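Okay, thanks for making time, everyone. Let me put the sequence and the structure up, and then I'll talk you through it.

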Amino acid sequence: MPGIRGPSDYSQEPPRHPCLKINSKEPFNAEPPRSALVSSYVTPVDLFYKRNHGPIPIVEDIERYSVTLSGLIGHPKEVFMRDIWKLPKYTVTATLQCAGNRRTAMSNTRKVRGVGWDISALGNAIWGGARLADVLELIGIPKLTSMTPSGGKHVEFVSIDKCKEEKGGPYKASIPLSQATNPVADVLLAYEMNGETLNRDHGYPLRVIVPGVIGARSVKWLDSINIIAEECQGFFMQKDYKMFPPSVDWDNINWSTRRPQMDFPVQSAICSLEDVSVVKQGKITIKGYAVSGGGRGIERVDISIDGGKTWIEASKYQKTGIPYISDDESSTDKWAWVLFEAEVNVSHSAEIVAKAVDSSANVQPENVGDIWNLRGILNTSWHRVQVRVGQSNL
């Protein structure tokens, strides 16, 4: 495509923060230390997890870069960045979470396939850009449309990057047209992250942000947007990121029996402690995050210091000085995580547990074995850490 290209090797990768834990070097996949996640409500760009499927695309001429809009519409259209910049700019605070977050813990129970992730394959950012609903109006698709006159029901996003899973082709994914054209869904074509121009790792010059949905649908480095009749038939929609029961393994899997995963379930994790930590006897502060998909807020975060026998409720917050109310959109960011804190008294070695309940009363499952799946996605089981009493700086 004019103005941007997807390299075939990794010789021109961008610089990254040295504190990131690298889970895969080529393609580059990395996450920040868990303690960094609770240092601020908005995740710094350098500490936002990096999830890639190929070499990072390179913009050679931003003036020539464009996105092609085509498919089941009247007339295709080429949209340049100057066209996007002319549209009303919106900002949406939204948490992106890789579907494989906490995969390593699931694999420790029973081996799964995929990049290993600790608990930090997510981050919260302020995304800036044009609403996808406004962009689609440029090609004659009104807001709140579920089907075009030509039968288009889905919006496919195609990247410029090259993926081995697509046999060297681009990454692609789709969402329903009804979601894409609904302003309340806050789907963006984003060109800013935390008030700055997107960097290369996060999709420069233009990416999709689909709030409340697994990160795999927020396609980076946009090449084209297609209005199609059925869901995208790309690898990552049809042969990955689907939720199977524990009884399915690689010798009996039938990908067509499950729909692509969209919303992510309720999730929480403790960030102030490692899997095993030494602490001083006495009071310690437990800190972490909780988040749910689909715009559902967090109603409660429960903490246990005896492996789940008894519980206390943690305090939770988003913005400093503003009380968090899970269903009050006037004062909270419905697409974003909450951070939580609880002070506990530790007198002996213990298992500390966190679990969250969202505004629809969905709660995290107790055991990872109950939700084990062969690709290791959506590990939302109770998060457990072990503490040993001793000499520590905590």
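I'll go through two sheets, then some aromatic rings, then a couple of acidic residues.

Quick ground rules before that. What you're looking at is a predicted model, where local features need pLDDT of at least 70, side-chain atom pairs count only at pLDDT 80 or more, and totals for chains, interfaces and linings use all residues. Residues are numbered from 1 along each chain as its sequence is written, and side-chain values use heavy atoms, with hydrogens and water left out.

Right, sheets. Strands in a sheet pair through backbone hydrogen bonds, either parallel or antiparallel. For the labels, helices (H or I, at least four residues) and strands (E, at least two) are DSSP runs, numbered from the N terminus. Two strands count as paired if DSSP finds at least two bridges between them.

So, here's an open sheet made of five strands, and going across you read β6-β5-β14-β9-β10, with mixed pairing. At the edges you have β6, residues 77-80, and β10, residues 172-176; each has a single partner strand, so one side of each has no neighbour in the sheet. From one strand to the next, the twist averages 20 degrees. For angles, the axes are lines fitted to C-alpha atoms, for helices over the stretch in contact, and the angles run from 0 to 180 degrees between N-to-C directions.

Now look at β14, which is residues 222-228. With β5, residues 66-71, it pairs in the parallel sense over four bridges. Ser70 has Asn226 of β14 as its bridge partner, and Gly71 has Ile227. With β9, residues 154-159, β14 pairs in the antiparallel sense, over six bridges. There, Glu156 stands opposite Asn226. So Asn226 turns up twice, as partner of Ser70 and facing Glu156.

How many residues of β14 are buried? Seven of the seven, so the strand is largely enclosed by the rest of the structure. Buried here means under 20% relative accessible area, exposed is over 50%, and partly exposed is in between, with a 1.4 Å probe and protein chains only.

On to another open sheet, this one with four strands in the order β15-β17-β21-β20 and antiparallel pairing. The edges are β15, residues 267-270, and β20; each has a single partner strand, so each has one side without a neighbour in the sheet. The twist averages 25 degrees from one strand to the next. Four bridges join β15 to β17, residues 282-291, and you can spot Ser268 opposite Ala290 in β17.

Okay, rings. We describe a pair of aromatic rings by the distance of the centres and the angle of the planes. The rule is that rings of Phe, Tyr and Trp (its six-membered ring) pair if their centres lie within 6.5 Å; planes under 30 degrees apart are stacked, over 60 edge-to-face, and the rest tilted. Searching the whole structure gives 10 aromatic pairs.

Take Phe48 and Tyr49: centres 5.5 Å apart, planes at 20 degrees, so that pair is stacked. Tyr49 and Trp117 have centres 6.2 Å apart and planes at 90 degrees, so they're edge-to-face. That second pair links distant parts of the chain, 68 residues apart: Tyr49 is in the loop between α1 (34-37) and β4 (58-59), and Trp117 in the loop between α3 (103-109) and β8 (122-131). Tyr49 is buried at 7% relative accessibility, and Trp117 is buried at 0%. Ring pairs join Phe48, Tyr49, Trp117 and Trp127 into a cluster.

Then the charges over rings, meaning NZ of Lys or CZ of Arg within 6 Å of the ring centre and within 35 degrees of the ring normal. Lys355 sits over the face of Trp311, 4.5 Å from the ring centre. Arg375 does it over Tyr241, at 5.9 Å.

Last bit: the acids. Glu192 is in β11, residues 188-193, and is buried at 18% relative accessible area. What does the side chain of Glu192 make a polar contact with? The side chain of Lys89, at 2.6 Å. A polar contact is a pair of N or O atoms within 3.5 Å; within protein, one must be able to donate a hydrogen and the other to accept it, and residues adjacent in sequence count only if both atoms are side-chain atoms. Leaving aside neighbours within four places in sequence, the contacts of Glu192 (heavy atoms within 4.5 Å) include Lys89 and Trp127, and Trp127 is one of the ring cluster.

And Asp333 is in the loop between β20 (315-317) and β21 (338-346), buried at 16% relative accessible area.
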